[in-house]
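Here is a short report on a structure with more than one chain. Keep the sequence and the model at hand while reading.

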Amino acid sequence: MSFITYLVQGVSLGSVYAIIALGYTMVYGIAKMLNFAHGDVIMVGGFTCFTLSSSMGLPPIVGVLVSIVFCTILGVVIERVAYRPLREAASPLAVLITAIGVSYLLQNVALLIFGSNPKSFTSVVTIPAIKLFEGQVTISGEAIVTLICCVVIMIGLTLFINKTKGGQAMLAVSEDKGAAQLMGINVNGTIALTFAIGSGLAAIAGVLLCSTYPSLTPYTGSMPGIKAFVAAVFGGIGSIPGAMIGGILLGVIEIFGKAYISSQMADAIVFSVLIIVLLVKPTGIFGKKIQEKV
Amino acid sequence: MKAKMKCNKSTLSSMITIGMVVAAYVIIEILMKAGLVSSMLKGLLVPVCVYVLLAVSLNLTVGILGELSLGHAGFMCVGAFTSAFATKCLAEVIPSKGLCFFIAIVIGAAFAALFGFLIGIPVLRLNGDYLAIVTLAFGEIIKNLMNVIYLGKDSTGFHLSFKDSMSLGMGVDGVMLINGPQGISGTPNVSNFTIAFILIVLSLLIILNLIHSRDGRAIMAIRDNRIAAESVGINITKYKLMAFTISAAIAGVAGVLYSHNLAILQAKDFNYNMSILVLVFVVLGGIGNMRGSIVAAVILTLLPELLRGLSSYRMLIYAIVLIVIMLFNWAPKAIEFRKKHSLKNMLPKKASVKEEQ
């Protein structure tokens, strides 16, 4: 029975990774950059919700909504100030290093405001846990909400990309920026929209992550952020179902690794997965192969 | 004629870099003899050298090879642990502390190079963002592994475990050498400024020679255009591995100095933040500019210690510096703006030789 409990935990954690990975994968697909600060936007989302609902006593739903709005704005601002000027830079390292700088900045601002002591986050989920098999397996309310959120977000995003004008513009920009511009698509606007959606999702992921693992520090976001990138690569970067499957698989691998192999080695196992995937199938499960042009 | 001049220029530039380090060493030694250096500053000398070595080594990867490594702390970790382990094992066999430390340096550098080579084989097949994230992954894996190693020694030999110190099953005379998260303690404090200085000069000689050699030009050609370099017959994997391994070895040497300067060595010190810190040195000093890396590493290590009040804002300032410098140096608009308003435009134009810089 413990197997099922671990599986549920893994799927729940994996769903959080999947939501974060969606943000990575969309940004990577369109702007062709690894947004290192994405993980720290999760942390910002967590802290915003914590400040509003735990410290100021507002209802949790307000906290969640405000943190989504705040992170969306933050994502757009980061893109505008730090990434857009470097989009045409000669070296691809430039924007990567800037992203690391932004990540560091967010962490240290949070460190100055909230200090390094972990804050205990009160869960925003009020659904009671479900007990199965005469109480041998417990599925927490958080796990259910996380999984539902993940599925809803994935379906919503797929519809958005395939059915709306904005989504089609995203596809066009990710395919060929220059051609999209010639067709009258606002490339900068579309990239900003992608960052907005990605950061909004990061806020949701932050709240869900902190509800399941209630300790919140300025460094909360960085590890899940990197692992979610691993998930995005695993599923094939640029692919939305890939991010979902990759995220859930990675969550399950991590929890099983923790439970059955060694709790201290869980991170090492997750990163080994990344390395193996990149060596064996660098495009991931659902990735497209891109021909190298000279 | 022109080629010869260029060669001289590069030799001159290397000599200035090394001369600068030598001059700094001589000045500090004189000040120390005169008793003008505070004990706090004395304590900082070796850490400063450690960071200089790290910055120079990372600059080889980022600036010359053109790939971002976020796992440099991992190589440092390998160097630190293997050398500290070697020192503890050899202490009984070899009475001379100097010889023992020398062997430790060689072992630390060799193991870090070996790791760099082994990791480099898969990693260097990738490029750009993927390479950065995989080096980060390797750095974390190394840190994680070092955190769970328990190694002890008794009369029957070595005992190794990945669980805890109890499961080693050592005899009564057993001594813990590596104690999991507690790391290695009691490494003799043999790092000193002179040795650190010699190591820096050696590393600089190796790197600067490499840059100005045929191999170095091949490496830089790969950085500038991989496909073009490949098409003129440059063996990409070989040269990338060469640069990466040398870089790892120097990071390992930095680790050796670091471990022999501290009483307790723990794997958790070699985290992702350490790699980023070194990256800040490299970016601030100028990517690809060894002299800049040295100066940036020295200033950024000394400054926060001297200005105690700033310490809580230190990391915040680093982050802002990182972003601003990158925007200023790389954003096409900023480059255009600088060209338009640079001082050179105000001066009468000289021959096109100036462009070479």
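This is a predicted model. B:Ala110 sits in helix H4 of chain B, which covers residues 97–123. Is B:Ala110 buried, partly exposed or exposed? B:Ala110 has 15 C-beta neighbours inside 10 Å, so this residue counts as partly exposed. Its C-alpha atom is 18 Å from that of B:Leu205, and 95 residues of chain separate the two.

**H4 against H9 in chain B**

H4(B) packs against helix H9 (residues 236–259) of chain B, with the two axes coming within 7 Å. They cross at roughly 145°. The crossing is right-handed. On the H4(B) side, the contact residues include B:Gly108, B:Ala109, B:Phe111 and B:Ala112. On the H9(B) side, they include B:Phe244, B:Ala248, B:Gly252 and B:Val256. The residues of this contact comprise 16 nonpolar, seven polar and no charged.

**Chain B against chain A**

The contact between the chains draws on 38 residues from chain B and 36 residues from chain A. On chain B, helices H5 (129–147), H10 (272–285), H12 (314–330) and H13 (332–341) each supply at least two residues. H5(B) gives the most, with 12 residues. The side of chain B that touches chain A has 31 nonpolar, four polar and three charged residues.

The two contact surfaces described so far break down by class as follows.

| Surface | Nonpolar | Polar | Charged |
|---|---|---|---|
| Contact of H4(B) with H9(B) | 16 residues | seven residues | no residues |
| Side of chain B that touches chain A | 31 residues | four residues | three residues |

**Helix H6 of chain A**

Which residues of helix H6 (residues 165–175) of chain A are buried? They are A:Ala169, A:Met170, A:Val173 and A:Ser174. Viewed down the axis of H6(A), these buried residues fall within an arc of 130°, so they line one face of the helix. An α-helix has 3.6 residues a turn, so residues three or four places apart point the same way. On the other side of H6(A), A:Lys165 and A:Glu175 are exposed. The cover over the buried residues of H6(A) includes helices H1 (2–31), H5 (141–163), H7 (177–182) and H8 (187–212) of chain A.

**Chain A overall**

Chain A has 11 helices and four strands. Its C-alpha trace spans about 60 × 45 × 35 Å along the principal axes. For 294 residues, a compact globule would have a radius of gyration near 19 Å; chain A has 19 Å, which agrees. Buried residues account for 54% of the chain. Of the contacts in chain A between residues at least 6 apart in sequence, 75% join residues at least 24 apart.

Conventions:
Residues numbered from 1 in each chain as written. Chains lettered and ligands numbered in written order. Predicted model: local features only at pLDDT ≥ 70, side-chain atom pairs only at ≥ 80, totals over all residues. Buried ≥ 20, exposed ≤ 12 C-beta atoms within 10 Å, placed from the backbone. Contact = placed C-beta atoms within 7 Å. Nonpolar A, V, L, I, M, F, W, Y, C, P; charged D, E, K, R; others polar. Arc of directions from axis to C-beta. Axes fitted to C-alpha atoms, helices over the stretch in contact; angles between N-to-C directions. Left-handed = near helix turned anticlockwise from the far one by under 90°. Rg over C-alpha atoms; globule rule 2.2 N^0.38 Å.
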